[in-house]
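Subject: Structure handover

Hello,

Here is the structure I said I would pass on. My notes on it follow below.

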Amino acid sequence: MFRTAEPYKISTQNGLQNQILAALPREEYERLTTHLQLVSLIQGQSLYSLSEPIEYVYFPNHGVISLVLTLADGSMGEVGLVGREGMVGLPVIWGNLPPTSQAQVQLPGDAFRLKASVLRAEFGRGTALQGLLLRYTKALFTQISQSVVCNAKHTIEERLARWLLMSRDRVQSDEFPLTQEFISYMLGVRRAGVTVAAGSLQRAGIIRYSRGKIAIQDRESLEAVSCECYRTIKTEFEQLFEAMEADSPL
């Protein structure tokens, strides 16, 4: 299902959007700049393979990456979302253990790619980057934990609303390319269930879905449909952003 094409270099004209890199003191950021490569993120692309050491980490600038688990029967489910607020490849700072999930591009964009060896060396310095990544780890753990409970306790419609809101927060856009098949994989449900839930939201005028694109038309109503899990996760990341802003920005 997913492509594994290698990213390629693209222009840096869009500037720095990743919030972890942007929160670094200038000296630290400039120390990393010679190692950072801005690469494209292609929808469906795999950023690293399961159970193999991670060679590169990614700081998303635009776009969204899903952390995905695949079961023995081939079924898939998303356990986490990463956008411009975070980094893909956290196992690198946990002793470079092989990852237990895959990182797949959900929404296209670009990211700053960094060799894992460079990140480990910088993390080992105990500088601001170390503190930011530890804070981010806590926020991501909250997101994953809340999503587990959400998937077990809440309706498909509530989960879909949460997922759309989380994706929207990360791309900063009310419209993005998504198929119902892709959503069903990410939510770990049958496509028919997504069709029913998306249809209900569309009839209510909350979203518009056509030709592989979803547009959020009424965010306030979408938040009302979503379960409390979205608000819990959002609050956790807002606290992370506040902590980042307290650090020395570029």
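Helices and strands here are DSSP runs, numbered from the N terminus. In those terms, strand 3 and strand 4 form a hairpin with five residues between the strands, and G74 has a positive phi near 90° in that hairpin. Please keep in mind throughout that this is a predicted model.

Confidence

The chain has a mean pLDDT of 86, and 91% of its residues reach 70 or more. The weak part is residues 1-14, where pLDDT stays under 50. The model has 35 contacts beyond four places in sequence for that stretch. Where pLDDT is low, the predicted coordinates should not be read in detail.

Strands 1, 3, 4 and 5

Strand 3 covers residues 56-70 and runs antiparallel to strand 4, with six bridges joining the two. One position to look at is S66, whose bridge partner in strand 4 is L81. Strand 4 spans residues 76-82 and is mostly covered, with six of its seven residues buried.

Strand 1, residues 37-41, is also mostly covered: four of its five residues are buried. Strand 1 is joined by five bridges to strand 5 (residues 102-115), and the two run antiparallel. Opposite L41 stands G109 in strand 5.

The sheet of strands 6, 7 and 8

This is an open sheet of three strands in the order 6-8-7, with antiparallel pairing. Strand 6 (175-177) and strand 7 (207-210) are at the edges and have a single partner strand each, so one side of each lacks a neighbour in the sheet. From one strand to the next the twist averages 15°. Three bridges pair strand 6 with strand 8, residues 213-216, in the antiparallel sense. Within strand 8, K213 is the bridge partner of P177.

Helix 5 and helix 6

Helix 6 runs over residues 180-187, and six of its eight residues are buried, so the rest of the structure largely encloses it. The buried residues are Q180, F182, I183, S184, M186 and L187. Just after helix 6 comes G188, with a positive phi of about 70°.

Two packed helices are described by the angle between their axes and the distance between the axes. For helix 5 (residues 156-171) and helix 6, the axes come within 11 Å and cross at roughly 105°. The two helices are therefore roughly perpendicular to each other. On the helix 5 side, the contact is made by R159, L160 and W163; on the helix 6 side, by I183, M186 and L187. The residues of this contact divide into five nonpolar, no polar and one charged. I183, M186 and L187 are also among the buried residues of helix 6.

Helix 5 and helix 7

What is the arrangement of helix 5 and helix 7, by distance and angle of their axes? The axes come within 9 Å and cross at roughly 70°, and that makes helix 5 roughly perpendicular to helix 7. From helix 5, I156, E157 and L160 meet G193, A197, A198, S200 and L201 in helix 7. This contact has five nonpolar, two polar and one charged residue. L160 appears here and in the contact with helix 6.

Two glutamines

Most residues other than glycine have a negative phi, and most peptide bonds are trans. Q172 has a phi near 55°, which is positive in a residue other than glycine. Q172 sits in the loop between helix 5 and strand 6. Is Q172 buried, partly exposed or exposed? Its relative accessible area is 44%, so Q172 is partly exposed.

Q202 belongs to helix 7, residues 191-203. With a relative accessibility of 33%, Q202 counts as partly exposed. Leaving aside residues up to four places away in sequence, Q202 touches I207, R208 and Y209. These three residues fall in strand 7, which spans 207-210. Q202 and L47 are 155 residues apart in sequence and, C-alpha to C-alpha, 33 Å apart in space.

Regards

Terms used
Residues are numbered from 1 along each chain as its sequence is written. This is a predicted model: local features need pLDDT of at least 70, side-chain atom pairs count only at pLDDT 80 or more; totals for chains, interfaces and linings use all residues. Side-chain values use heavy atoms; hydrogens and water are left out. Two strands pair if DSSP finds at least two bridges between them. Axes are lines fitted to C-alpha atoms, for helices over the stretch in contact, and angles run from 0 to 180 degrees between N-to-C directions. Buried means under 20% relative accessible area, exposed over 50%, partly exposed in between (1.4 Å probe, protein chains only). pLDDT is the predictor's confidence in each residue, from 0 to 100. Contact means heavy atoms within 4.5 Å. Angles under 35 degrees count as roughly parallel, over 145 as roughly antiparallel, 65 to 115 as roughly perpendicular and the rest as oblique. Ala, Val, Leu, Ile, Met, Phe, Trp, Tyr, Cys and Pro count as nonpolar, Asp, Glu, Lys and Arg as charged, and the others, Gly among them, as polar.
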